[in-house]
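Subject: Structure for you to look over

Dear colleague,

I am handing over the structure below, together with notes on what was found in it. Please read the notes with the structure open beside you.

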Amino acid sequence: QNMGCTASRVVQPESATEGAGRVPQPQKPGTKGKAVPKLSDEALAKADARYTKTTELRALLTHDAARGGVAVRLLRARWLLEHYQAEGHESERLEHRQALERAHGDEPFVGGEMLERVLRELEEDEHGKCNYKAAGGEYREVKDKYNDPIPIALPSASALSHMWLDRSHPDPKARNLRDEWLPALEWYFSERVRQLTMDTDGNEEYRAEGADGLELSDEAVLAAADFGVFIDLSSMCQKEEEPWKLGLHWSRLDARPKDGVELTHAALGEALAGGQTAFERGEIDGLGVAGLAWESAVHAGGAWFQPAARSPVELALFKHALSNLDLIYAHKSMCTLLSTRVPAGVVVDKSYEDRGWTNFERAEGQLLKPDDRSIDIGLFSIDKACEEYKSVLAGSFRPTWSVGKRVADKTVAELARQGSYNYSSERGLLGALVGRGRRAPLTPEAFAAVLRTKQFTNGADAETVIELYRETATALLGSVRELKYKELAWTAADYAQLGDALRYCGALEKLSLDEMGLGDADAAALVAGLAGAGAPPGGA
């Protein structure tokens, strides 16, 4: 698994202030079962601000003047669906961020008015209220026929956790994109459309209204239903080891790189020794550096230099994004999409379960979020989406999927009929996708034990990742006031794991286990976990 192509995904903060948004940590707890110190009032406030509000998230998703760009750019789900389903694009793969920017400008990315709408939804404590841009320029909540704001169950921003199918590209033949991601994103989009165009009785005559009391147009519905998606390859500045970029930027190293092949060139060495590390294409070509390659290493002025596949601005933005991925995967209001299934016929050396980074992303996404904001899209299929679902108000119904028809060609009504969510007690397919995939939160010790059995393909240090998780988990578990779980297929082992995690929850006021089928053995396992004894014999 690679976050930045062949680069390690683990970096240290860029400076002493880089981790300023991180929550101050209490001293590391002792062995399993011992009491965990509560967070200080300062740490509680910082955890709340970081993981439940949007100020720090906004800073990550908007222009950073100090670093010269945007650290993280969310992709527009509607653009992904319409572009990659368009005629002539049927075999096109998703490319890295800079390539998308050169080819399409800002079109693929969430920005401007849409970003404001996305953040407004995420600011809500519970299900975000859908907003749209009113005539006066302000954002107004979309209302239902009773003049009440419309909550949207599936959040306006999501983060994809997935396997890289190849070291150089996560999806070299677009199999993940076409077989796994686009169908799931279309379902997610359809559910948001449904909630704007159908009431809980399944009445298709219903249509959300704007502040002027008029029903939203089809385009307004589609725009309001659009949502942002974080995909590491296309949301962060990546390495570009392309011939046109070779030699334009150079990194200064304190020691000779292990994989470096020494290159001697007097004029180039003189320029590098003089402090020039950025060149125009014509300059490099004019120097006539024979044998220049990405592994070349030039010794000049007492230091070593090697071609850089990112510009200084790209590198600064990448490092900043990497240092703040806890915001993306652990923020309470964002949804985590777990792409756990390998496309049919694709062979990988390690499954989702066997990889270090995917376990890290999933574990962070299951610390604080409501249970329906960690969705295993590896369980999704169109057949499953079209199963019969029961509703108290609407009776039994089956969603209908317009197979073989592009999203751009589907009507609002057709999209709405592909969804099955009515309200929190009747979640349809959403309930099925979270019921089997959502596990209890892992303590830092439990996560460390899991991660040490997993593999990293890019040289990442498991102990560094364990420490990153410890920081996030201690802050999130220590600051949570309420934990709610509903209709999850848990075993006694899950309840023991939850009990273990509760030792960290010093601010917890309410634990809700709704329709979980909690039995005596499960309750005993929870208590045993809280006491540090783990699951009772035979309880798993």
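**Backbone turns**

Just after helix α4, G105 takes a positive phi of about 65°. Please keep in mind throughout that this is a predicted model. Two residues other than glycine also have a positive phi, namely A174, with a value near 60°, and E487, with a value near 50°. A174 sits in the loop that runs between β6 (157-162) and α6 (175-197), and it counts as buried because its relative accessibility is 2%. E487, for its part, belongs to the loop between β14 (482-486) and α19 (492-502), where it is partly exposed, with a relative accessible area of 33%.

**The protein as a whole**

The protein has 540 residues, of which 55% are buried, and its secondary structure comes to 20 helices and 15 strands. Its accessible surface is about 22200 Å², and carbon and sulfur atoms account for 50% of that area. Among contacts with a separation of 6 or more, 78% are made by residues 24 or more positions apart.

**Helices α4 and α11**

Which residues of α4 are buried? They are R97, Q98, A99 and L100, and the elements that cover them include β2, β3 (75-76), α3 (77-85), α8 (232-235) and α11. In helix α11, which spans residues 312-322, the buried residues are E314, A316, L317, F318, H320, A321 and L322. These buried residues of α11 pack against α2 (55-61), β1 (63-64), β2 (69-70), α4 (97-104) and α12 (325-330), so that α4 appears among the packing partners of α11, just as α11 appears in the cover of α4.

**Salt bridges, and the surroundings of K245**

The count of salt bridges comes to 36, and a few of them seem worth following in detail. The side chains of R102 and E240 meet in one such bridge, at 2.5 Å from N to O. Because R102 lies in helix α4 while E240 lies in the loop between α8 and β8, this pair ties together parts that are 138 residues apart in sequence. E240 is buried, with a relative accessible area of 1%, and its side chain also meets that of K245 in a salt bridge, with an N to O distance of 2.9 Å. Salt bridges that share partners also join R73, R97, E101 and D106 into one network.

Is K245 itself buried or exposed? With a relative accessible area of 3%, K245 is buried, and its place is in the loop between α8 and β8. Leaving aside residues up to four places away in sequence, K245 touches Q98, E240, R281, W294, A309, R310, S311 and E314. Of these contacts, Q98 is one of the buried residues of α4 and E314 is one of the buried residues of α11. The C-alpha atoms of K245 and S311 are separated by 9.4 Å, although the two residues are 66 residues apart along the chain.

A further salt bridge joins the side chains of E56 and R50, again with an N to O distance of 2.5 Å. Here E56 is partly exposed, with a relative accessible area of 24%, whereas R50 counts as buried at 2% relative accessibility.

**On the surface**

Which residues gather in a patch of negative charge on the surface? They are E241, E242, D259 and E295. D259 is found in the loop between β8 (250-253) and β9 (261-262), and it is exposed, with a relative accessible area of 56%.

G301 is likewise exposed, with a relative accessible area of 63%, and its place is in the loop between β10 (296-300) and β11 (303-307). The C-alpha atoms of G301 and A271 are 9.7 Å from each other, with their positions 30 residues apart along the chain.

With best regards

Technical notes: Residues are numbered from 1 along each chain as its sequence is written. This is a predicted model: local features need pLDDT of at least 70, side-chain atom pairs count only at pLDDT 80 or more; totals for chains, interfaces and linings use all residues. Side-chain values use heavy atoms; hydrogens and water are left out. Patches are made of residues with over 30% relative accessible area and no salt bridge: like charges are joined within 9 Å, nonpolar side chains (Val, Leu, Ile, Met, Phe, Trp, Tyr) within 5 Å. Accessible areas come from the Shrake-Rupley method with a 1.4 Å probe; for residues, only the protein chains shown count as cover. A salt bridge is a side-chain nitrogen of Lys or Arg within 4 Å of a carboxyl oxygen of Asp or Glu. Lys and Arg count as positive and Asp and Glu as negative; His and the chain ends are not counted. The place of a charge is taken as NZ of Lys, CZ of Arg, CG of Asp or CD of Glu. Helices (H or I, at least four residues) and strands (E, at least two) are DSSP runs, numbered from the N terminus. Buried means under 20% relative accessible area, exposed over 50%, partly exposed in between (1.4 Å probe, protein chains only). Contact means heavy atoms within 4.5 Å.
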